[in-house]
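Welcome, and thanks for taking a look at this protein chain with us. Have the sequence and the 3D view open, and follow along at your own pace.

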Amino acid sequence: MTLELDADIKRLSGVGTSGAAYLKKLGITTVGALLYHFPRAYEFRGNVKTVASAEDGETAAFILTVNAPPSYAKSRSGIMIYKLPAGDGTGGCTIVFFNQNYIKTAFRVGASYRFYGKVSRRGKHVELSSPVYEPYSDKLLPLYPVYPATEGYSSVRINKLISSVIDREDTVLPENLPDEVVASERLMSRTEALKTIHHPQSLYAVGEAKRRLAFEELFLFAVNVRSTRKKDDTAPRAVMRGCVCDEFKAALGFEPTGAQKRVMNEIYTDLTANADKPPMRRMVSGDVGSGKTVCAQFGAYVAAKNGYQTAVMVPTEILARQHYEDCSKLFSLLGMSVRLLISDLPQSKKNEVYDSLLSGECDVVIGTHALITDKVSFKNLGLVVCDEQHRFGVNQRETLLKKGDGTHMLVMSATPIPRTLALVLFGDLDVSVIDEMPPGRRAVRTAYRDENSRDKIYSFIRDQVKAGRQAYIVCPGIEETEDDGLIPLEALTSDFSAEKYGKEVNKRKAAVNYAEKLSVDVFPDLKVGYLHGKMKSAEKNAVMGKFERGELDILVSTTVIEVGINVPNASVMLIEDADCFGLSQLHQLRGRVGRGRYASYCILMANDPGQNAEARLKIMESENNGYKIAEFDLKQRGPGDFIRENDEKIRQHGALKLKMAGALDDAALLYRALEWAERYTKEG
Ligand code: ADP
Ligand code: MG
C-alpha cells in the first residue's frame, strides 16, 4: 500500500480533534510530517549489562528472570510500593514500581524480561526503579526512539502512532529522489530509511538511514533554493549609477584591508548593475572584528549618492546605539544624515524620525525591530542592511524590504563558515567573505597541554590575575538532564561505540564537580565566579555583570560563555577537556580573549585525546583564521555542526527545514548532494 503523505493526520485512527491539536503544536498536520518527525535520541536498550557490573547512577538494560511475585506495601505517605525480585546469572536485583497496581499481575515468575532504567547500587544491593520492560525475545530492537514531544502528547504516544503507519509490512512511500541518484549513491530507499530511523534493527542501520535522509534533505533543499532564486530574479531593482568614491575612502581614516576592498567592490558592482538585473541579495560573512561594518557603510554611501535611503536593522538596542555612534562620525564627514530608531525613544523623538524618513531628509536609519512597524515609511528606500542576520526571520526582512521598490539587501554574519558550505546553505544569497583581520590585531597564543602541566597553568593564571588581568575557565560539563542515558541522534555515527560515548559523558559530568571545586581548592584567595546551565538567566547576568566590571578575577563556566560577553581585560582562557569541543566552538570560545591591548593566551587541556581530536587541537595552536579552521572542521567532522549552529539562518528558507542534515558527519556527501541538485535544476 502506497502511503498518501499529504493526507490529514486526522485520517489516522486514534487521532481525534484534541490529538490533532497537540500534534499541530509539534508541526505535524499530515501523515508525511509525522513520518519526518525524527527521534531526537534513542534509548540504548541493546546495551545489556549484567547485574554484577551495574554501576550506581547509570542507565542501562538488563535481561532478568523474575524470581517471585512482587511484594507490596504502602509507604507512610500513602504511596504503594511494589518490589519485584529478579536476577541474572551474576546477581540479584530488586525492581521497584510505585502506585502501579497492574504490576501485581504484569510478570510471570520464571520468565525473562528486558528492563531498561536507572541503576542504584548500595554495596551488593542493586535496584532498578520504575524501569521500562518488555518480555525478552531475541527479536527485541536495540534502540528505542525518543521523540520531541509536547505536554499532553508524549514520545511514547508518538511512537505508537508512527508504528501504526510504518510497521505494516506492505507500507510503501513514494520515492522522492531520482532513481539514478539513489542507485549511484547507494542510498537506502525512502521507505527503508524512514522505517529504519524510527525502528532501527542495528546501530549501523541508523547510520545508513541518516545518510539517506540527510542526502534527501540537502538535495531537495538545494533544488528548492535555486528555484526560489529564479523566481525572485524577475523583480525590478532600485537603479543606482556608478559614482566617485574617493571621498568615502578619505573619510574612513584607515586603509581598508584587501578583503574589505574586494567585498566593497562586489557590493558596488551589485548596486550599480544594469536595470534589468535583479536587486542585490548578498551576505557578508566575516569573523568578529574583521570589519564588516565598513562594507555596509559603503553600501549606504553609494545608495545616498543615488538619492536612496538605507535602513540598518540590528538585533539589540545596545548594538543599534553602537552602530549609530560609529556611523554618525563617518557620515557627518560625508554630509549624510543618520537617525536612530529604537522603541526606547520618547514618542516625540520617534515621530521626528518617522517624519525625516518620509520627507527623505534622513539618509540612513539605524534601528531594531522598531523599523518594521507600520509607522515607518520611507520616501525612497534603496538598501536594507541586516546585522547578525540570523536573529531575524525571513518575514521581518521581507517586511522591511517591502517598504521600498526593488530594494537591495545586505546581510551580515559573524559565523565563519566555509565558502562552499555557505553557497549551499545560503544558495539564495551571493556570499562575500572577509577572511582577513585589520592590521594590529594580536593573535591569541594558543597551546595544547595535558595534565602534567596543570600546576604550571594554574600559576600562570595566578600571575595574569596579579598583573591585573582576568581569566576564563571553560569546562565542557553537562548537568544531569532528562536525557541521561539516551544517545542523541547526532552521536550515532558510523563508528559509534557505546563504551567511548559513555566515557565522554562521564568526563563531562565530572567537569561540573571540578568547576565547583576550583574556587574552593585551587583559587581560594581569588574571586571566582561560577556559571552553569541550571542557573536562571537573572543569576547568570549578575555573575557576568560582576566579571565585566572586574569584580571577579576568574569566571568558571560549564556551558558555553554567552556570545555577547566582551571583557577586553580578560587575557587568558583555559579550556578543560578541549577534545570534547568542535573546532568552530573552540574558535568561538577563544574569541572571548584577545579583545583588549594585552597579550592573550588560550590553553587547551586534553588528556589522551584520540587522533582526530589531537589534530584539531594542533590546528588551534597554529591557526587563528576562522575560515581556515572552519574548512578543516568541515573536512574532519562533516557539516553537521555548521548546520545545527546555523539552524535559525537556514530556517529562513521557509517550508523546508533541515532536520537530519544537522546530524551528518560526511562532508563529501554534502557536496555530492549539491552537485546532483545542480544537475537536476538545470535539466528540470
Ligand atoms: P565586525 O566585522 O565584527 O562588525 P567592525 O566592523 O565592528 O567588525 O570592526 C571592528 C573594528 O575594527 C572597528 O573599530 C573598526 O573601526 C576597525 N576597523 C575595521 N576595518 C579596519 C581597517 N581596515 N583598519 C583598521 N581598523 C579597522
Ligand atoms: Mg559587527
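In which loop is Asp276 found? Asp276 is in the loop between α9 (258–271) and β10 (281–286). Please keep in mind throughout that this is a predicted model. With a relative accessible area of 63%, Asp276 is exposed. Its C-alpha atom is separated by 6.7 Å from that of Pro236, although Asp276 and Pro236 are 40 residues apart along the chain.

## Salt bridges

How many salt bridges does the count come to? The count comes to 24 salt bridges. Three of these contacts are set out here, with the distance between the N and O atoms.

| Salt bridge | N to O distance |
|---|---|
| Arg45 and Glu134 | 3.2 Å |
| Glu361 and Arg339 | 3.4 Å |
| Glu208 and Arg211 | 3.8 Å |

Let us begin with the salt bridge of Arg45 and Glu134. Arg45 lies in the loop between β1 (41–44) and β2 (48–49), while Glu134 belongs to strand β8 (residues 125–135), so this pair ties together parts that are 89 residues apart in sequence. Arg45 is buried, with a relative accessible area of 4%. Glu134 also counts as buried, at 17% relative accessibility. The pair has company, too: Glu43, Arg45, Arg114 and Glu134 are linked in a network of salt bridges. Arg45 has a further partner in Tyr144, since the charged end of Arg45 sits over the ring of Tyr144, 3.8 Å from its centre.

Next comes the salt bridge between Glu361 and Arg339. Here Glu361 is in the loop between α12 and β13, and Arg339 is in strand β12 (residues 338–341), so the contact ties together parts 22 residues apart in sequence. Glu361 counts as partly exposed at 44% relative accessibility, and Arg339 is partly exposed with a relative accessible area of 22%.

The salt bridge of Glu208 and Arg211 sits within one helix. Both residues lie in α7 (residues 203–232), 3 residues apart, which is about one turn of the helix. At 18% relative accessibility, Arg211 counts as buried.

## A buried acid without a salt bridge

Now look at Asp363, in the loop between α12 (347–359) and β13 (364–367). Which side chain of opposite charge is nearest to Asp363? It is Lys379, 9.3 Å away; Asp363 is buried yet has no salt bridge. Asp363 does have a polar neighbour: the backbone nitrogen of Ser337 lies 2.9 Å from a polar atom of the Asp363 side chain.

## Aromatic rings

A search of the whole structure finds 19 aromatic pairs. One of them joins Tyr72 and Tyr82 in a tilted arrangement, 5.7 Å centre to centre with 45° between the planes. This pair links distant parts of the chain, with Tyr72 in strand β4 (residues 71–74) and Tyr82 in strand β5 (residues 80–88), 10 residues apart. Tyr72 counts as partly exposed at 45% relative accessibility, whereas Tyr82 is buried with a relative accessible area of 2%.

Tyr472 and Phe547 make another tilted pair, 5.0 Å centre to centre and with 50° between the planes. Distant parts of the chain are linked by this pair as well: Tyr472 is in strand β18 (residues 470–474) and Phe547 in helix α17 (residues 537–548), 75 residues apart. Both Tyr472 and Phe547 are buried.

Returning to Tyr72, the charged end of Lys104 sits over its ring, 4.7 Å from the centre. Elsewhere, Phe97, Phe107, Tyr113, Phe115 and Tyr133 form one aromatic cluster.

## Cysteines and an enclosed helix

How many disulfides does the structure hold? The structure holds 0 disulfides. For Cys243, the nearest cysteine sulfur is that of Cys245, 4.1 Å away, and Cys243 is in no disulfide. Cys475 is in no disulfide either, with the nearest cysteine sulfur, that of Cys580, 11 Å away. At 1% relative accessibility, Cys475 counts as buried.

Why is helix α18 (residues 583–590) described as largely enclosed by the rest of the structure? The reason is that 6 of its 8 residues are buried. The buried residues of α18 are Leu583, Ser584, Leu586, His587, Leu589 and Arg590.

How values were computed:
Residues are numbered from 1 along each chain as its sequence is written. Chains are lettered from A and ligands numbered from 1 in the order in which they are written. This is a predicted model: local features need pLDDT of at least 70, side-chain atom pairs count only at pLDDT 80 or more; totals for chains, interfaces and linings use all residues. Side-chain values use heavy atoms; hydrogens and water are left out. Rings of Phe, Tyr and Trp (its six-membered ring) pair if their centres lie within 6.5 Å; planes under 30 degrees apart count as stacked, over 60 as edge-to-face and the rest as tilted. Helices (H or I, at least four residues) and strands (E, at least two) are DSSP runs, numbered from the N terminus. Buried means under 20% relative accessible area, exposed over 50%, partly exposed in between (1.4 Å probe, protein chains only). A charge sits over a ring if NZ of Lys or CZ of Arg is within 6 Å of the ring centre and within 35 degrees of the ring normal. A disulfide is a pair of cysteine sulfur atoms within 2.5 Å. Lys and Arg count as positive and Asp and Glu as negative; His and the chain ends are not counted. A salt bridge is a side-chain nitrogen of Lys or Arg within 4 Å of a carboxyl oxygen of Asp or Glu. A polar contact is a pair of N or O atoms within 3.5 Å; within protein, one must be able to donate a hydrogen and the other to accept it, and residues adjacent in sequence count only if both atoms are side-chain atoms.
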